[in-house]
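Good morning, colleagues. Please take a moment with the sequence and the coordinates before I go through the main points.

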Amino acid sequence: MIENIGTIDRLLRITIAATLLYLALFSGLSMFAGAFIQVAAVAVALVLLATSTIRMCPIYAIVGLKTCKDC
């Protein structure tokens, strides 16, 4: 796998994932009261965490986009 996610992109993905997880699981907001919305938010957060961990985004690979300087 070729890395295609840079540091800023990676930190942004981690921040968004952490925010989504907090909102879905701990916030108690009425927007996240439905099970479907909670599961969807957690799923998106897990995908963001996974792509930031492996530093490779399949969508970026398909489009040919790279946000890292060294790759």
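**Burial and overall form**

Of the 71 residues of the protein, 27% count as buried. I should say at once that this is a predicted model.

Let me begin with the overall architecture. The protein has three helices and zero strands, and from the N terminus on, its elements run α-α-α. The radius of gyration of the protein is 14 Å, well over the 11 Å that the globule rule gives for 71 residues, so the protein is more spread out than a compact globule. Along the principal axes, the C-alpha atoms fill a box of roughly 40 × 20 × 15 Å. The accessible surface comes to about 5,000 Å², and carbon and sulfur atoms account for 73% of that surface.

What share of the contacts between residues at least 6 apart in sequence join residues at least 24 apart? The share is 75%.

Some individual distances may help with orientation. Threonine 7, which has its place in helix 1, counts as exposed at 51% relative accessibility. From threonine 7 to alanine 24 there are 17 residues in sequence, and the C-alpha atoms of the two lie 26 Å apart. Towards the other end, glycine 64 is found in the segment after helix 3 and is exposed, with a relative accessible area of 62%. Between glycine 64 and isoleucine 8 the separation is 56 residues along the chain and 18 Å from C-alpha to C-alpha.

I turn now to the charged pairs. How many salt bridges does the structure hold? There are two salt bridges in the structure.

One of them joins glutamate 3 and arginine 55, whose closest N and O atoms are 3.9 Å apart. Glutamate 3 lies in the segment before helix 1 (7–25), and arginine 55 in the loop between helix 2 (35–54) and helix 3 (58–63), so this pair ties together parts that are 52 residues apart in sequence. The cut-off for a salt bridge is 4 Å, and the 3.9 Å of this pair should be read with that in mind. As for burial, glutamate 3 counts as partly exposed, at 41% relative accessibility.

The other salt bridge is between arginine 13 and aspartate 9, with the closest N and O atoms 3.1 Å apart. Here the partners are four residues apart in helix 1, which means that about one helical turn separates arginine 13 from aspartate 9. Are these partners buried or exposed? Arginine 13 counts as buried at 10% relative accessibility, and aspartate 9 counts as buried at 12%.

Arginine 55 deserves a second look. This residue is found in the loop between helix 2 and helix 3, and it has a positive phi of about 60 degrees although it is not a glycine. Which residues does arginine 55 contact, leaving aside its neighbours within four places in sequence? They are Glu3, Asn4, Ile5, Gly6, Thr7 and Arg10. Two names in that list have already come up: Glu3 is the salt-bridge partner of arginine 55, and threonine 7 is the exposed residue in helix 1. In the other direction along the chain, leucine 65 is 10 residues from arginine 55, with 13 Å between their C-alpha atoms.

Next, the cysteines. A search of the whole structure finds zero disulfides. Why does cysteine 57 form no such bond? The closest cysteine sulfur, in cysteine 68, is 12 Å from the sulfur of cysteine 57, and this is too far for a bond. For comparison, the cut-off for a disulfide is 2.5 Å. Cysteine 57 itself counts as buried, at 7% relative accessibility.

Finally, the aromatic residues. A pair of aromatic rings is described by the distance of the centres and the angle of the planes. The structure holds one aromatic pair. Tyrosine 22 and phenylalanine 26 form this pair, which is tilted, with 6.4 Å from centre to centre and 35 degrees between the planes. Tyrosine 22 is partly exposed, with a relative accessible area of 48%, whereas phenylalanine 26 counts as exposed at 62% relative accessibility.

To close, I would return to two points. The protein is more spread out than a compact globule, and one salt bridge, from glutamate 3 to arginine 55, ties together parts that are 52 residues apart in sequence. Thank you for your attention.

Note on methods: Residues numbered from 1 in each chain as written. Predicted model: local features only at pLDDT ≥ 70, side-chain atom pairs only at ≥ 80, totals over all residues. Heavy atoms only, no water. Buried < 20%, exposed > 50% of the residue type's maximum accessible area, 1.4 Å probe, protein only. Salt bridge = Lys/Arg side-chain N within 4 Å of Asp/Glu carboxyl O. Helix = DSSP H or I, 4+ residues; strand = E, 2+ residues; numbered from the N terminus. Rg over C-alpha atoms; globule rule 2.2 N^0.38 Å. Contact = heavy atoms within 4.5 Å. Areas by Shrake-Rupley, 256 points an atom, 1.4 Å probe, with all protein chains shown as cover. Phe/Tyr/Trp six-rings, centres within 6.5 Å; stacked < 30°, edge-to-face > 60°.
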